[in-house]
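Visitor: I would like a close look at a single part of this model, a strand and its surroundings. Please take it step by step and then move on to the other sheet region.

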Amino acid sequence: MVVETLNRPATTKGFYVRMKFSHRHKHGRASQHQQQLFYRNFKWIICSFLSLYLLISLIFTSSTHKTTTSLSKTTVSHRETALSSRALIESSTPISTHDSLTDFKIYIYELPSKYNNDWLSNERCSKHLFASEVAIHKALSRSDFRTFDPYDADFFFVPVYVSCNFSTVNGFPTIGHARSLISSAVELISTTFSFWNRSGGSDHVFVASHDFGACFHTLEDAAMADGIPEMLKRSIILQTFGVRYEHPCQEVKNVVIPPYIPPESVRSTLEKQPLNGRRDIFAFFRGKMEVHPKNVSGRFYSKAVRTKIWNKFNKDRRFYLRRHRFSGYPSEIVRSVFCLCPLGWAPWSPRLVESVALGCIPVIIADGIRLPFPDAVPWSEISLTVAENDVAELGKILEHVAKTNISTIQNNVADPAIRRALLFHDQIHPGDATWQVLNALARELDRSHSRRRSRVFKE
């Protein structure tokens, strides 16, 4: 077979190949006919092969393109998160919990009782909405993840309870002492042990379970002005506060955790009224809804969102709104279809957990809020989000959902794994809130480096 390259005009792209077959034509026309037949068959084979090659290439390219697109979206998501906060748990790709916690170890400092156990003399300390600081400490202390050898630790937990100082005037937690108490604890562990100084506190974990996390203030403008104490800026904070935009109170490595709801309270309510029981309340809210601005600050609580809800819907028969406390209000949640979860001073609310735990669809009204454990809790599938400026349209929005996909959302909310992920227990249960915290820490951990560094110091 002879292959010749033909010269083509300069305007033509590529090159062309003409094939000649060298045979001696001994058989005249018969031989010529066979030659033409062979030529046609050869062209057919070549065309078929090229077509198959192009088809396979197209399929492979398409598959690769889809994968690349998906990864690009994930990357963009992570970049957006990095701009808004230094959150440790924002992954959109599920990771095996069992694998991520293999050999995970955390050391707990044995601090003098003035930093923690003395506060338990008031039983509210371990039961109120900020009590995750107590529950996490208890659960870690009793878990197999605890190590008593600090040189074997991946992280160091500093158990300081700052939310148990209850006001004698109104009974609310006061946190004016928080900075000095934590500063004292850091001074103690940094002068007694080498581990804080070794890492600058970057592998040390604290809990800040109140309104604006480690800024330690109830009012946002004061919290933002004070910022996070310098001593904590390299540490990891487990906090209920989180937003999807820049904010001084999350300019630290952080994991957003749920507010504390006693699991025994949920259990007791469900024993009396099961999740699949009758729900005769369409939209429910019980809590502070001011008619006039708060005297102390001269502003409306909840950025006036709760006030707008009250003014618009308090006479609407579809809405069950109550402004006063009632100890049995979980029994009202379990009877409700939609539970309103508007912001308070801070974006988060204990109603987020209470609603999900008792099978009520949470209606989140807090612009820009970052929700706890997005890997374990598919918030978009179990809740509704309504912009603060759209609260006047709540009736229409909820009616539309009730007529379309409410059954699907209710089935999603009823998933026991979701309820488990939002509740803290005194002992760690696989998949529960403390488990999710450890999983979040483990995902960011280069354990081999941490352990290798520890061994060097130990030797």
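Guide: F157 stands opposite V205 of strand β6 in this predicted model. The pair belongs to the contact between β5, residues 155-157, and β6, which run parallel and are joined by 2 bridges. V205 also stands opposite I236 in β7. Strand β7 covers residues 236-239, and 4 bridges join it to β6, again with the strands running parallel. Between β6 and β7 the chain passes through helix α6, residues 220-226, and this β-α-β crossover is right-handed.

Strand β6 itself spans residues 204-208, and 5 of its 5 residues are buried, so the strand is largely enclosed by the rest of the structure. In a regular strand, side chains alternate between the two faces of the sheet. On one side of β6 are H204, F206 and A208, on the other V205 and V207; all of them are buried, and both faces are thus covered.

Now the other sheet region. Five strands form an open sheet there, in the order β10-β9-β11-β12-β13, with parallel pairing. Strands β10 (319-322) and β13 (384-385) stand at the edges; each has a single partner strand, so one side of each is left without a neighbour in the sheet. Helix α13, residues 406-413, packs on this sheet and touches β11, β12 and β13, its direction making about 100° with that of β12. Strands β11 (residues 336-342) and β12 (residues 361-365) pair in the parallel sense over 5 bridges. One residue to locate here is C339, whose bridge partner in β12 is P362.

Strand β9, residues 281-286, includes R286. With a relative accessible area of 11%, R286 is buried, because buried here means under 20%. Its side chain has polar partners: the side chain of R286 reaches the backbone oxygen of H324 at 2.6 Å, and R286 also makes a side-chain to side-chain polar contact with E332 at 2.8 Å. Leaving aside residues up to four places away in sequence, R286 touches Y320, R322, H324, R325, F326, Y329, E332 and R351. H324 is thus on the contact list of R286 and also supplies the backbone oxygen that the R286 side chain reaches. E332 is likewise on that list, and its side chain is the one in the 2.8 Å polar contact.

Terms used
Residues numbered from 1 in each chain as written. Predicted model: local features only at pLDDT ≥ 70, side-chain atom pairs only at ≥ 80, totals over all residues. Heavy atoms only, no water. Pairing = 2+ DSSP bridges. Helix = DSSP H or I, 4+ residues; strand = E, 2+ residues; numbered from the N terminus. Contact = heavy atoms within 4.5 Å. Axes fitted to C-alpha atoms, helices over the stretch in contact; angles between N-to-C directions. Buried < 20%, exposed > 50% of the residue type's maximum accessible area, 1.4 Å probe, protein only. Right-handed = clockwise from strand over helix to strand, strands pointing away. Polar contact = N/O pair within 3.5 Å; in protein donor to acceptor, adjacent residues only side chain to side chain.
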